[in-house]
Amino acid sequence: MKSYKIAVIPGDGTGPEVIREGLKVLEAAAQKSGFKYETVSFDFGGARYLRTKEVLPPSAISDLKKFDAIFLGAIGHPDVKPGILEKGILLKLRFDLDQYINLRPVKLYDERFCPLKNKTPEQIDFVVVRENSEGLYKGIGEFKDKDSLREVATQVSYNTRQGVERCVRYAFEYTKKNRKRKQLTLCGKTNVLTFAFDLWERTFYAVAKEYPEVKTEYAHVDATTMWFVKNPEWFDVIVTDNMFGDIITDLGAMIQGGMGIAAGGNINPKGVSMFEPIGGSAPKYTGKNVINPLAAICAGAMLLDQLREHQAATWIEESVKKVVLTKIKDLAAGQMGYSTTEVGDLVVKFL
Ligand code: IPM
Ligand code: MN
């Protein structure tokens, strides 16, 4: 029997509640599919930081490297200044584990949950491949003459040929292997960011030569947001930099029905990947058993896909779809018609 080691970081706010349901579904999928896994829980997050004054213990990265995958709830605490936990935990894990891809599927399961008029599940079904290790997230910049009238703040977008190429290549491979339409759109801003996206564009078309079966397109990021709303059916796979990927995937999450259903994977194809619901820690719903666990459950399915347990991943996805289509009243917290626990139970039942 195949056996995996999964590190679990329930994290802050509603993180532990949605992870609990995610693990419940993972366990059911493992039994049905015939594989085993063991979990080790890590208490990283705001509460630990406030208690110990340390964002991550020094051994965190080397400890996590010993696992086959990481399942993350949410990081973010109302009593901690913005930036500390994000940079100190989430971004540090992404960077130090070299999870250079942030894979974010945008898939509408049911028309009822789309805020756009007359859009069907067939029309909203695309994937964003977000570069996850460079760009504006690199943290390069400075203040000059801080707090004076002459103050200047710079923040540099750092793009290496190697970093861009590995991301673009992943996107081409992904499109070729996983998508029927095989259309890959580079989302950039070549008309203004004439250094960064020049490199992206040159790299994109150079790699494209190796993938004649993939149809290539280009869209500026501003036009991309327009089309997400106007004709999302135009997209199949999108590849973009870290910052643009961050922004357009929140919009993507909204057109697929909201944060309650949006999942993502921070992927190191040759190392340890980390899967998470992309909504935050939702502190106001903490402990109420009303948060939607489907995003975490879908993140669990993505985790299994990464472990090559494709059948189990598909079962979870199909079961989530059934729950969404036949049971759920609304994907928003508190309005599902079921509690967090009950939604997890329903997914297990349909599995
Ligand atoms: C996300 C989040 C993070 C990001 C924050 C919390 C640092 O918004 O995963 O999209 O900007 O990447
Ligand atoms: Mn974001």
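Exposed, in these notes, means over 50% relative accessible area, and buried means under 20%.

**Entry: what I'm looking at**

I have a predicted model open, not an experimental one. I started with the overall build. I counted 11 helices and 12 strands in the chain. Then I checked how the chain packs. For 351 residues, a compact globule would have a radius of gyration near 20 Å, and the chain comes out at 20 Å, so the two agree. Along the principal axes, the C-alpha atoms fill a box of roughly 55 × 50 × 40 Å.

**Entry: inside and outside**

Next I looked up burial. Of the 351 residues, 52% are buried. I also asked how far apart in the sequence the contacting residues sit. Taking contacts with a separation of 6 or more, 75% join residues that are 24 or more positions apart. For the outside, I noted an accessible surface of about 16000 Å², with 53% of that area on carbon and sulfur atoms.

**Entry: charges**

I tallied the charged side chains and got 48 positive and 44 negative. The centres of the two sets lie 2 Å apart.

**Entry: cysteines**

How many disulfides does the structure hold? I found 0. A disulfide is a covalent bond between the sulfur atoms of two cysteines, so I went looking at the sulfurs. C114 is in no disulfide, and its nearest cysteine sulfur, the one in C298, is 16 Å away. A pair would have to be within 2.5 Å to count. I looked from the other end too: C298 is in no disulfide either, and its nearest cysteine sulfur is that of C114, at 16 Å.

Are these cysteines buried or exposed? C114 has a relative accessible area of 10%, so I put it down as buried. C298 is at 9%, which also makes it buried.

**Entry: positive phi**

I then went through backbone angles and stopped at two residues. Phi of D147 is near 65°, a positive value in a residue that isn't glycine. Where is D147 found? I traced D147 to the loop between β6 (135-144) and β7 (152-158). With a relative accessible area of 71%, D147 is exposed.

R308 was my other stop. Its phi is near 65°, again positive in a residue other than glycine. R308 is found in a loop as well, the one between α9 (294-306) and α10 (310-326). I wrote R308 down as exposed because its relative accessibility is 69%.

Key: Residues numbered from 1 in each chain as written. Chains lettered and ligands numbered in written order. Predicted model: local features only at pLDDT ≥ 70, side-chain atom pairs only at ≥ 80, totals over all residues. Heavy atoms only, no water. Buried < 20%, exposed > 50% of the residue type's maximum accessible area, 1.4 Å probe, protein only. Helix = DSSP H or I, 4+ residues; strand = E, 2+ residues; numbered from the N terminus. Rg over C-alpha atoms; globule rule 2.2 N^0.38 Å. Contact = heavy atoms within 4.5 Å. Areas by Shrake-Rupley, 256 points an atom, 1.4 Å probe, with all protein chains shown as cover. Lys, Arg positive; Asp, Glu negative; His and termini not counted. Charge placed at Lys NZ, Arg CZ, Asp CG, Glu CD.
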